[in-house]
Amino acid sequence: MDDLDLRAVIYRRFASTGMAPTRGELVERIGDPDVADRQLRRLHDAHVIVLDDRPERAGEIRMALPFSAVPTEHRVRSGDRSWWANCAWDSLAIAAAIDDDVHIESVWADSGEPLEFDVVDDVLGLTEGHVHFEIEARHWWRDIVRT
């Protein structure tokens with residue numbers, strides 16, 4: 001399996017289940033832990049995925065943008081499926097990635113108040129509010145988890 005195939009496996013799992021494959025599952029599929037770790041590191045270094053650096057989850061996939069492997073304030077639902085998004089912007093990207101109508105549960109960044117809206121037939125149902133980017137896009141990868 002080359003890096004592109006591994007990327008496809010990761011994204012297919014996220015899209016279909018809302019969860020990332022575990023490192024163990026990927027090692028089993030690839031057949032060699034060192035090869036798997038090198039491939040995951042290359043995808044991380046290429047900003048395709050984000051590997052978790054927390055001691056209890058080191059080496060696991062934390063993000064495959066726009067999907068998050070850990071709970072966040074941004075939940076996307078479609079039928080009986082659901083996904084965590086890394087941010088409000090990514091929740092819209094999930095809607096586009098799965099190409100289905102979605103219900104998004106989030107919070108207003110300025111007040112922390114709950115925010116819910118739908119995307120139906122690729123049309124955003126929300127008609128108020130704005131998007132604010134605290135950090136310029138060119139700086140996001142300095143700390144993509146915080147961003």
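**Why is it called that? A chat about this model**

Tutor: This is a predicted model, and a good place to start is a turn: β4 and β5 make a hairpin with 2 residues between them, and Gly79 in that turn has a positive phi of about 60°.

Student: How do you know that β4 and β5 are paired?

Tutor: Two strands pair if there are at least two bridges between them. Strand β4 (residues 74–78) and strand β5 (residues 81–85) are joined by 5 bridges, so by that rule they pair, and they run antiparallel. For one position to look at, find Arg75, which stands opposite Trp84 in β5.

Student: What joins β4 to β6?

Tutor: There are 3 bridges between β4 and β6, so the cut-off of at least two is met. These strands run antiparallel, and Val76 stands opposite Ile104 in β6.

Student: What makes β4 "mostly covered"?

Tutor: Buried means under 20% relative accessible area, and 4 of the 5 residues in β4 are buried.

Student: How many bridges join β6 to β7?

Tutor: Here the count is 6, with strand β7 covering residues 114–120 and running antiparallel to β6. Check His103: its bridge partner in β7 is Asp118.

Student: What is the order of the strands in the sheet?

Tutor: Going across, you get β1-β2-β3-β5-β4-β6-β7-β8, an open sheet of 8 strands with antiparallel pairing.

Student: Why are β1 and β8 called edge strands?

Tutor: Each of them has a single partner strand, so one side of β1 and one side of β8 are left without a neighbour in the sheet.

Student: Asp99 next. Why is Asp99 called exposed?

Tutor: Exposed means over 50%. Asp99 has a relative accessible area of 59%, so it counts as exposed. You'll find Asp99 in the loop between α4 (88–98) and β6 (102–107).

Student: What is the phi of Asp99?

Tutor: Near 55°, which is a positive value in a residue other than glycine. Most residues other than glycine have a negative phi.

Student: Which surface patch does Asp99 help form?

Tutor: A negative one, made of Asp99, Asp101, Glu116, Asp118, Asp121 and Asp122. Asp and Glu count as negative, so that's where the name comes from.

Student: How do you know that His47 has a positive phi?

Tutor: Its phi is near 65°, and His47 is a residue other than glycine. His47 sits in the loop between α3 (33–45) and β1 (50–51).

Student: Is His47 exposed or partly exposed?

Tutor: Partly exposed, because its 39% relative accessibility falls between the 20% and 50% cut-offs.

Student: And why is Ser16 called partly exposed?

Tutor: It's the same kind of reasoning: Ser16 comes out at 48%, which is not over 50%, so it counts as partly exposed. Ser16 belongs to helix α1 (residues 3–17). Ser16 and Arg81 are 65 residues apart in sequence, yet 7.9 Å apart in space, C-alpha to C-alpha.

Student: Which residues make the nonpolar surface patch?

Tutor: Trp89, Val131 and Phe133 make it, with an area of about 310 Å². Val131 lies in the segment after β8 (123–124). At 51% relative accessibility Val131 is over the 50% cut-off, so it counts as exposed.

Student: Last one: what kind of peptide bond joins Leu65 and Pro66?

Tutor: A cis one, with omega about 15°. Most peptide bonds are trans. Look for Pro66 in the loop between β2 (61–64) and β3 (67–68).

How values were computed. Residues numbered from 1 in each chain as written. Predicted model: local features only at pLDDT ≥ 70, side-chain atom pairs only at ≥ 80, totals over all residues. Heavy atoms only, no water. Buried < 20%, exposed > 50% of the residue type's maximum accessible area, 1.4 Å probe, protein only. Patch = residues over 30% accessible without salt bridge, like charges linked within 9 Å, V, L, I, M, F, W, Y side chains within 5 Å. Areas by Shrake-Rupley, 256 points an atom, 1.4 Å probe, with all protein chains shown as cover. Salt bridge = Lys/Arg side-chain N within 4 Å of Asp/Glu carboxyl O. Charge placed at Lys NZ, Arg CZ, Asp CG, Glu CD.
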